[in-house]
Amino acid sequence: QAMANKRVALTLNISLETLKWNLKNIYAKLGVSSRYDAVSWARNQGMTEQAGGAQQPPDSPVQIPPPRGGGAPIPPPMIDPKPLEKAADLDPRREPAMIPRSLFDHEHEEFRSSVRRFLAQECAPCLEQWEADHRVPRDIWERAGALGMLNATTPEVYGGLGLDRRFSMIATEEIYRAGQASGLIGFGVHDIVAGYLVNFGSELQKQTWLPKMAAGQAIGAVAMTEPDTGSDLQAVKTRAVLDGDEYIINGAKTFISNGSNCDVVVVVAKTGNSGKGAQDISLILVEADRAGFSRSQPLRKVGLHAQDTTMLFFENVRVPKENLLGGVAGQGFIQLMKELAWERLSIAISSVAGAAAVLESTLEYTKGRTVFGKPIFDFQNTRFKLADLKMQLAVSQNYVDLCMEQCLARTLSPEAAAAAKLWCSELYTKVVDECVQLHGGNGYMLEYPVARHYLDHRVLRIAGGANDIMKDLVGRTL
């Protein structure tokens, strides 16, 4: 709350005391309902955050009434903050959870409401166009950045909000709940790139990229997979050779999310010749405007059609040796392993949220669709199937929430994250398949949410390491 108040006060050029006395009135006049909408409004007015924490108010302060009422009313914002409906107006009737979740508090739910409104009002109407274009436009990235959806955990000194992973979890849940994974799944990849920079980047790298990434003005990608290596990261063939003060990079990557839009790429490359696999791997930042860097046209995928997935090519790309993440060659595999647990947990989060959304829409459909003189839901077979799915989702949600608690405490093990990713992505497939069947022919029509999930969900059993690899990781602990 203090962070939001400070930003709004700076933007309006008033004291914090004045703001506190008039908080309810000011928020109402600005057309915002929560601290997160207030932060978005403040950013829209032109206030900037610089690395180092310096904040600049706009050139033309807005006049504000004196403390505790009185004075002229607050004028409308210089830029329309797009006041939104209450979240309750956008939220369809939802089945109560078997066991209420205890992971979130009030400020998390405020953030959830802001994200939900943004997805419903600014993203959902555009999805078909994004799928035709095979990319999400940059203005949506910037709008998401203004709402705090991008890199929420990045420290404030680098332009983020300095929040915990639960905010990232909420953004992911709401994207899948709204059926927006087709394009916005790239937000999660972008967040992973920021994690590499926060944890392993130099001060210059952090100051150069993190503020722009948090604002949606620069987009990140991770280049791991190669055409001939798949999940075997130790076998990558992309090579970076040190030549004086520069690395020369040659190779190709495939299935790269944010490939068309990206401005900076974390590249997995071999820098050593020991023949010991993991010890030869490094992570190197490559800016998209480097000579020799190129990308393919968007790949033709089964689903996620709005996601700009491409191949990336590196032909004698020269980057300064300072672009090496961590500053020491051969640390790349260790760095990857430290971030992969979160990536796999985020896939589990996506899977449970997506499956829950499918189940909700199917409950509504079966209660409204009549066959043989009564709703589909009234058949015992239907209720048995839906009850089975609901029970499995409830157990899975509890496990994922426990994993998140461990993630916050930095005690989440790689095998626990692998198990979450494996179980939940498999369950997502089961829920989608059963619910398509309950829709009959309509389940194959894209105007029904279940059909879009049918196209978009399948990759989660492959991304972040194929599920067969997850079984092996868990098996090693036996």
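Me: Helices are DSSP runs of H or I with at least four residues, strands are runs of E with at least two, and both are numbered from the N terminus. Where does H439 lie?

Reply: H439 lies in helix α15. The model is a predicted one, in which local features need pLDDT of at least 70 and side-chain atom pairs count only at pLDDT 80 or more, while totals for chains, interfaces and linings use all residues. Residues are numbered from 1 along each chain as its sequence is written, and side-chain values use heavy atoms, with hydrogens and water left out.

Me: Why is H439 called buried?

Reply: Buried means under 20% relative accessible area, exposed means over 50%, and partly exposed is in between (1.4 Å probe, protein chains only). H439 has 5% relative accessibility, so H439 counts as buried.

Me: Which residues does H439 touch, not counting residues up to four places away in sequence?

Reply: With contact taken as heavy atoms within 4.5 Å, H439 touches T362, Y365, Y448 and V450.

Me: What makes S361 buried, and where is S361 placed?

Reply: S361 is in helix α13, residues 332–368. The relative accessible area of S361 is 17%, and therefore S361 is buried. S361 and P449 are 88 residues apart along the chain, yet their C-alpha atoms are separated by 7.2 Å.

Me: What makes M98, I99 and M391 a patch?

Reply: Patches are made of residues with over 30% relative accessible area and no salt bridge (a side-chain nitrogen of Lys or Arg within 4 Å of a carboxyl oxygen of Asp or Glu). Nonpolar side chains (Val, Leu, Ile, Met, Phe, Trp, Tyr) are joined within 5 Å, and like charges within 9 Å. M98, I99 and M391 form such a nonpolar patch on the surface, with about 310 Å² of accessible area together (Shrake-Rupley method, 1.4 Å probe).

Me: Why do I99 and M391 get their exposure labels?

Reply: I99, in the loop between α5 (87–90) and α6 (106–123), has a relative accessible area of 52% and is therefore exposed. M391, in helix α14, is at 44% and so counts as partly exposed. The C-alpha atoms of M391 and M98 are separated by 8.2 Å, with their positions 293 residues apart along the chain.

Me: How is the packing of α9 and α14 described?

Reply: Two packed helices are described by the angle between their axes and the distance between the axes. Here α9 (residues 165–177) and α14 (residues 380–408) pack at about 145°, with axes 10 Å apart. R165, R166, M169 and E173 of α9 meet Q397, V400, D401, M404, C407 and L408 of α14.

Me: What is notable about phi in H134 and R410?

Reply: H134 has a phi near 60°, a positive value in a residue other than glycine. R410 has a positive phi of about 60° and is not a glycine either. H134 lies in the loop between α7 (127–133) and α8 (138–146), and R410 in the loop between α14 and α15 (414–439).

Me: Why is R410 called exposed, and what is H134 called?

Reply: R410 has a relative accessible area of 78%, so R410 is exposed. H134 has 32% and is therefore partly exposed.

Me: How many helices and strands does the chain have, and what share of its residues is buried?

Reply: The protein chain has 17 helices and 11 strands. Buried residues make up 53% of its 478 residues.

Note on methods:
Axes fitted to C-alpha atoms, helices over the stretch in contact; angles between N-to-C directions.
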